[in-house]
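Please consider the structure shown below, with attention to its aromatic rings and to the meeting of two of its chains. The paragraphs that follow lead from single side chains to an interface.

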Amino acid sequence: MAFDSFSAFLAMGGHGPYVWACYAMFFLLMGVVIWWSLRQRRVVIAQQQRRAAPMPSADERPTASFTRIESSQD
Amino acid sequence: MASEAKLPVRTPEESVSALSAMKAVFSRDLKTAFRQPQDLLNPLLFFVMVVTLFPLGVSPEVAFLREAGSGILWVAALLSVLLSLDHLYRHDFNDGTLEQLVLQPQPLFLLVLAKSLAHWVLTGLPLVMLAPVLGVMVHLEGNSVAILCLTLLIGTPVLSLIGSIGAALTLGLRSAGVLLSLLIIPLYIPVLIFGTGTVMAASESASVGGQLALMGAFLVLALTLAPFASAAALRISLSNS
Amino acid sequence: MWQIFHKLGSPKWFFGIASTLMPWLLVAGAALLMTGIVWGLVFAPQDYLQGNSYRIIFIHVPSAFLAQSVYIMMAVAALVTLVWRMKLADVFVTAVAPVGAVLTFLALFTGAVWGKPTWGTWWIWDARLTSMLILLFLYFGVMALGAAISDEKSSARAVAVLVLVGVVNIPIIKYSVEWWNTLHQPATFKLTEKPSMPAEMWVPLLLSVLGLYLIFGWLACLRMQTHILAREGRTRWVKELVQARGN
């Protein structure tokens, strides 16, 4: 133990602001990168799920757009 | 168009040696460039104007200019080479010449080397020739001016060669100009450091042989490696578009 | 030998391996890093020259160390991309570049803040800090080029060329920056070079370096998995995997 008390630990012999600013920035940025990576992953998985989702069955499917395309074929 | 393409488009039987293909590419680049002289003049004007900004923006004092002069000239030269790089492949890319170059039987890196050398003759060399005038204007002493021109002479081909990699990578992209600078400026730093450092050492009348030899080593390294990277980048960019 | 190589290149195989490895990497990395940091902050003795401000070392050195080795790893992956066209390698380069940039920034930030109590200014054009700054520029260039090319395949290969050109330049840049530094100001005091570091200082430092390495490994796996999922969306195994995960 290099410090006598908790307040001495926080003060870091007068260098407290510097030391704590560095550690705060380190954990903040690493946290942001990790959070962002996890979020990106969730977004991509959701995207792929939507893409892979089976087509809605015939009775709940809106019919209008499909019939129109068929009629314009000739 | 008839006078435009002087590329060696021949059948494989009468195939062209790599050297004459390089010559053809080189002289073609010079010829097409001289058809638009304004484009050749612009980087030079830019060079002069950037140098002018420093006495106006910082200080016209002789002491300051003598101290900072070599750095100012080098930075200005670097920026104007950077600006001109966009032209290196763009015109050929737009009219399809570049695709033909890639299809030539001669190794692409040699043709790229020829193009980079042509680019240097068109931008770097005029900058070197203009440098003594500006050197006098920023109050560099005679010896320093000579060394400055020598470092520019060795250094600007390195700038053209490294720059050709960036130009090839950003070919056909939107806002290619800014991106090109972003990619290339960090790679220019060693040349800049040694370019200005050599002049500074010369003004303190230290010997500069070692630094000049190192700059020569940069040039050799760039001559041997940059065309390969540039050729690889060109193929990638062309397959992309 | 070649079979292993091809297997290594298969995204599906990697995905499975990464999934089993990741919890271990995260737990071990976090444990090592936290041990190193707590040890360094609380138990390591005070430095006789710099007082307590030296305790920044326990994050500064790991960040700086990793920032550089991430670029080297990217260069190796870039070479593999260009030579063997291995899919995983180019996924690695694109997935890892932002992490490398953040680590480089952290090394710069902690270096600058450390500089204030030791040198008296926030920023000094010291050789190490300057080459770190240039490394940050290189990372930015890689990220900008990757973002500018929309086609994934040619984006990956263009980025690979740039990374390789950068890695050839890094030693030259380092050397020239050091030379430039001696030209302008003789180095008076270096941050990380001490006459001799007692074991109470270097053991926690080693632990935090290892810990950050493992955490980087976890992060790289995570980000590579994300990129693979996005790219291989058409393959059956991704579809099955995604289906199994949701609902």
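Is B:Phe109 buried or exposed, or does this residue count as partly exposed? The model is a predicted one, and in it B:Phe109 has a relative accessibility of 26%. Since buried means under 20% and exposed over 50%, B:Phe109 therefore counts as partly exposed. B:Phe228 falls into the partly exposed class as well, because its relative accessible area is 46%.

These residues also belong to the account of aromatic pairs. A pair of aromatic rings is described by the distance of the centres and the angle of the planes. Over all chains, the count comes to 13 aromatic pairs. In the pair of B:Phe109 and B:Phe228, the ring centres are 4.2 Å apart and the planes stand at 25°. Planes under 30 degrees apart count as stacked, which is why this pair is described as stacked. The two residues link distant parts of the chain: B:Phe109 belongs to helix 6 of chain B (residues 108-137), B:Phe228 belongs to helix 9 of chain B (residues 209-240), and 119 residues separate them.

Another pair has another geometry. For B:Phe194 and B:Phe218 the centres of the rings lie 5.5 Å apart, and because the planes are at 80°, the pair is edge-to-face. B:Phe194 is part of helix 8 of chain B (residues 176-203) and B:Phe218 is part of helix 9 of chain B, so the contact of their rings ties together parts 24 residues apart in sequence. B:Phe194 and B:Phe218 are both buried. Together with C:Tyr175 and C:Trp179, they form one aromatic cluster.

That cluster has members in chain B and in chain C, and it leads to the interface of these chains. Here 26 residues of chain B are in contact with 27 residues of chain C. The size of an interface is often given as the accessible area lost when the parts come together. Between chain B and chain C the buried area is about 2200 Å², and carbon and sulfur atoms give 87% of this area.

What does the rule for salt bridges find across this interface? Between chain B and chain C there are 0 salt bridges, and the count of residue pairs in polar contact, with both residues at pLDDT 80 or more, is 0. On the side of chain B that touches chain C, the elements giving two or more residues are helix 7 (142-169), helix 8 and helix 9 of chain B. Helix 8 gives the most, with 12 residues. By class, the residues of this side of chain B comprise 21 nonpolar, 5 polar and no charged.

Definitions and conventions: Residues numbered from 1 in each chain as written. Chains lettered and ligands numbered in written order. Predicted model: local features only at pLDDT ≥ 70, side-chain atom pairs only at ≥ 80, totals over all residues. Heavy atoms only, no water. Phe/Tyr/Trp six-rings, centres within 6.5 Å; stacked < 30°, edge-to-face > 60°. Helix = DSSP H or I, 4+ residues; strand = E, 2+ residues; numbered from the N terminus. Buried < 20%, exposed > 50% of the residue type's maximum accessible area, 1.4 Å probe, protein only. Contact = heavy atoms within 4.5 Å. Buried area = accessible area lost by both parts, 1.4 Å probe. Salt bridge = Lys/Arg side-chain N within 4 Å of Asp/Glu carboxyl O. Polar contact = N/O pair within 3.5 Å; in protein donor to acceptor, adjacent residues only side chain to side chain. Nonpolar A, V, L, I, M, F, W, Y, C, P; charged D, E, K, R; others polar.
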